[in-house]
Each structure stands twice: as C-alpha cells, then as structure tokens.
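Reader: I am new to this structure and would like a close look at a single part of it. Please pick one helix, go through it step by step, and then place it in the rest of the chain.

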Amino acid sequence: MKIDRHGQAKILTQVEIQLLFSQGLQTDRDRALFGICLYCCCRINEACTLSVNDVYSKGRVRPELLIRKGNTKGKLATRSIPVIEDLRGLLKAYRHPEAGYLFPGRWGKGHINSDSAARILREAFERVGIEGGSTHSFRRTGLTQLSNAGIPLRVIQEISGHNNLEQLQKYLEVKPEQVRGAVAALSMISHVGESNSEGYVGKYGYDDVSSTDLPERLT
C-alpha cells in the first residue's frame, strides 16, 4: 500500500467528486461514462468499450454491469459489477444508443477513444480547479474506499479484476493518520499494564476514513 502517491493518480475527496459531477462534467454522457469508472472501479478503456447490452436490457439498466474479458487489461476474465443507485441514476439520465457501443466515437463510428475521454476529463478538472486528477483517479478512489470500508482484499479483487493481490495493493492509499491510529492500538499490549485513567488497557479507536472524503453511498 502507498502512503503517498508516488506519481499515481490523485485520490478524489467527496467534495471534489460532487463538484466534478455537478459542475465539471457537462453532459449526461460524460457523467455516465465517468460514473461507471468510479462506481465500478474500472479502467477507462473498459468503460469506453462497453456495449449497450452490457449495461441495459430492453431499455432498462441491468442489475449488474458486464465488463467483458476481451475488453479487460490482459484479457483475464469477464467481470459482473452490481449497479448501485448512484450509478443507476446517471445511467438512466443518459440517452444512450439503441445498440452497438454505449459511448460511440466521433461521427458514430466505433467507440469513444480513451484519449478523447481523458481530454474531456482534463477539461472538467480544470473547470472546477482540481489538480492532479486523471481517468485513473476514479479507479484508485473507488478501490481505496472499498479497502477503507473493511471489504476483504479478495472481494475487492473480484471487482477490480487484478490478476493478484500484490497488484491490487499498489492502488490503495494509506493516510498518515491511519498509520498513527493503527500504531496507537499497540498500547493494548503495554508492558506496564494498566495505561489509562479507567484502569484498563483499551483499544484505541480511530477513523479509517474521513466522512468528507467520498460519497456515503459508495460504501
């Protein structure tokens, strides 16, 4: 796990996410595209190459979004990601094509290019004054939030599609205050016995993640 970014994409706060989706991104298509990146913790190319049938059935949003093996990095496995209500709202607002790629490219040919999507996002970040963000910020933000919520790494791996846990751990950010809180818990094994005014060695509580970091319903 990383204590600082070391060149990795920025982890977005709840305020930044709300600002980005309310003022930065300008169309329902863009909000749907990057909402998928955030709430499915997927790579930008995986979102860009989705077909309509991967997300909708008979005009309605599917209970689970399908990321097909052929569109994943390394073509490892097909993933099925449950669609939470925050994402469902973005997908319902998007007037999608009836068939073919969910996010068509220019002149309706093929799918939107990941470089074009990255440019759209850069402009959105600039519009609301967010620095250090990229398309990978959504994936890192989502995976870090799942880890902070106490979801086992093996379960997170099913969502992220990483080949192994070592690769997954490189994505996850650990804050200095989390490290301080964890070390404070070592007082439970104090060599001097009772170590507080109540007369017992108690477990130190600490916030795993600030409530202002990410949307509550992402947990």
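Author: What follows is an account of helix α6, with some notes on the surrounding chain. The model is a predicted one.

The setting comes first. The chain has 10 helices and four strands. Read from the N terminus, the order of these elements is α-α-α-α-β-β-β-β-α-α-α-α-α-α. The chain has 219 residues, and 42% of them count as buried. Among contacts with a separation of 6 or more, 64% are between residues 24 or more positions apart.

Now the helix itself. α6 covers residues 114–128, which makes 15 residues. At 1.5 Å a residue, a helix of this length should span 21 Å, and the C-alpha atoms at the two ends of α6 are 21 Å apart, so the expected and computed spans agree.

Each end has a feature to point out. At the N-terminal end, Asn-113 acts as a cap for α6. One of the side-chain oxygens of Asn-113 lies 2.7 Å from the backbone nitrogen of Asp-115. After the helix comes Gly-129, which has a positive phi, near 75°.

Which residues of α6 are buried? They are Ala-117, Ala-118, Ile-120, Leu-121, Ala-124, Phe-125 and Val-128. Viewed down the axis of α6, these buried residues fall within an arc of 160°, so they line one face of the helix. The spacing along the sequence has a general background: an α-helix has 3.6 residues a turn, so residues three or four places apart point the same way. On the other side of α6, Asp-115 and Glu-126 are exposed.

What covers the buried residues of α6? The cover includes α1 (14–24), α2 (28–39), α3 (44–48) and α7 (136–148).

Aromatic residues come next. A search of the whole structure gives three aromatic pairs. One of them joins Tyr-94 and Phe-103: the ring centres are 5.4 Å apart and the planes meet at 20°, so this pair counts as stacked. Tyr-94 and Phe-103 are both buried. Elsewhere, ring pairs link Phe-21, Phe-34 and Phe-138 into a cluster.

The cysteines are a separate matter. The structure has zero disulfides. Why is Cys-42 not in one? The closest cysteine sulfur to that of Cys-42 is in Cys-37, at 4.5 Å, and a disulfide needs the two sulfur atoms within 2.5 Å, so the distance is too far for a bond. For Cys-48 the closest cysteine sulfur is also in Cys-37, at 6.9 Å, again too far for a bond. Cys-42 is buried, with a relative accessible area of 1%. Cys-48 is buried too, with a relative accessible area of 0%.

A last stop is a charged residue in a strand. Arg-79 belongs to strand β4, which covers residues 79–82. Is Arg-79 buried or exposed? The relative accessibility of Arg-79 is 5%, and under 20% counts as buried, so Arg-79 is buried. What does the side chain of Arg-79 contact? A polar contact at 3.0 Å joins the side chain of Arg-79 to the side chain of Glu-46. The side chain of Arg-79 also reaches the backbone oxygen of Ile-159, at 2.9 Å.

To return to the helix you asked about: the buried residues of α6 line one face, while Asp-115 and Glu-126 are exposed on the other side.

Conventions. Residues numbered from 1 in each chain as written. Predicted model: local features only at pLDDT ≥ 70, side-chain atom pairs only at ≥ 80, totals over all residues. Heavy atoms only, no water. Buried < 20%, exposed > 50% of the residue type's maximum accessible area, 1.4 Å probe, protein only. Phe/Tyr/Trp six-rings, centres within 6.5 Å; stacked < 30°, edge-to-face > 60°. Polar contact = N/O pair within 3.5 Å; in protein donor to acceptor, adjacent residues only side chain to side chain. Expected span 1.5 Å × (residues − 1). Arc of directions from axis to C-beta. Contact = heavy atoms within 4.5 Å.
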